[in-house]
Amino acid sequence: LLMPSRFEPCGLTQLYAMRYGAIPIVRATGGLRDTVAPFDPVTRQGTGFVFAEPTSEALLGAVRTAVAVFADKAAWRQLQRNAMAQDFSWERAAQQYIEVYQRAVAEKLRTTNA
């Protein structure tokens with residue numbers, strides 16, 4: 001999936017792509033930056049390819065990096081597994097909100113009783 005957006009407030013397309021093993025190449029902006037982690041061929045961590053500058057050269061660099069990783073079938077499969085393992089569900093988000101709320105309440109109680 002190629003998404004060289006100049007701005008992206010959230011974006012669902014990259015989430016759908018990753019869910020089904022299509023690897024995103026995105027510009028680091030908005031929700032794209034928040035949801036696609038750059039793949040590191042050494043550690044094999046990450047979920048896609050990210051470039052910073054909104055230029056054709058930066059885009060081409062990211063595509064070339066993706067093609068090089070694609071040539072290493074084991075690395076590509078790991079990248080697909082990483083992407084497909086992401087959890088952007090409402091259940092996960094709700095649990096994170098609960099945890100933030102609980103920490104805020106605990107901090108308030110701590111400072112009130114101090």
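In what order do the elements of the chain run from the N terminus on? The order is β-α-β-α-β-α-α-α, and the model that shows it is a predicted one. Counted by type, the chain has five helices and three strands. The radius of gyration of the chain is 18 Å, whereas the globule rule gives 13 Å for 114 residues, so the chain is more spread out than a compact globule. Taken along the principal axes, the box filled by the C-alpha atoms is roughly 60 × 30 × 25 Å.

Some totals describe the chain as a whole. Of its 114 residues, 32% are buried. The accessible surface is about 7700 Å², and carbon and sulfur atoms account for 60% of that surface. There are 13 positive and 10 negative side chains; the centre of the positive set and the centre of the negative set lie 3 Å apart. If one takes the contacts between residues at least 6 apart in sequence, 48% of these contacts join residues at least 24 apart.

The strands come next. How are the three strands arranged in the sheet? They form an open sheet in the order β1-β2-β3, with parallel pairing. The edge strands are β1, residues 2-3, and β3, residues 49-51, and each of them pairs on one side only. Strand β2 covers residues 25-27 and is joined to β1 in the parallel sense by two bridges. On the residue level, Met-3 has Val-26 of β2 as its bridge partner.

After β1 the chain enters the loop that leads to α1 (13-19), and Ser-5 has its place in this loop. Is Ser-5 buried or exposed? Its relative accessibility is 17%, and a residue under 20% counts as buried, so Ser-5 is buried. Leaving out residues up to four places away in sequence, Ser-5 touches Arg-27, Thr-29 and Leu-32. Arg-27 belongs to the residue range of β2, which is 25-27, and Leu-32 to that of α2, which is 30-35.

Further along, the loop between α2 and β3 holds both Thr-43 and Arg-44. Thr-43 is partly exposed, at a relative accessible area of 44%. Arg-44 is also partly exposed, with a value of 28%. The backbone of Arg-44 deserves a look: its phi is near 60 degrees, which is a positive value in a residue other than glycine. From Thr-43 to Ala-83 the C-alpha to C-alpha distance is 15 Å, for a separation of 40 residues in sequence.

The last stop is helix α3, which spans residues 56-71 and contains Val-69. The relative accessible area of Val-69 is 5%, and this residue is buried. Which residues is Val-69 in contact with, leaving aside its neighbours within four places in sequence? They are Phe-39, Pro-41, Phe-49, Ala-75, Trp-76 and Leu-79. Among these partners, Phe-49 falls in the residue range of edge strand β3, 49-51. For Pro-41, the C-alpha to C-alpha distance to Val-69 is 7.2 Å, although the two residues are 28 apart in sequence.

Notes:
Residues are numbered from 1 along each chain as its sequence is written. This is a predicted model: local features need pLDDT of at least 70, side-chain atom pairs count only at pLDDT 80 or more; totals for chains, interfaces and linings use all residues. Side-chain values use heavy atoms; hydrogens and water are left out. Helices (H or I, at least four residues) and strands (E, at least two) are DSSP runs, numbered from the N terminus. The radius of gyration is taken over C-alpha atoms; the globule rule is 2.2 Å times the number of residues to the power 0.38. Buried means under 20% relative accessible area, exposed over 50%, partly exposed in between (1.4 Å probe, protein chains only). Contact means heavy atoms within 4.5 Å. Accessible areas come from the Shrake-Rupley method with a 1.4 Å probe; for residues, only the protein chains shown count as cover. Lys and Arg count as positive and Asp and Glu as negative; His and the chain ends are not counted. The place of a charge is taken as NZ of Lys, CZ of Arg, CG of Asp or CD of Glu. Two strands pair if DSSP finds at least two bridges between them.
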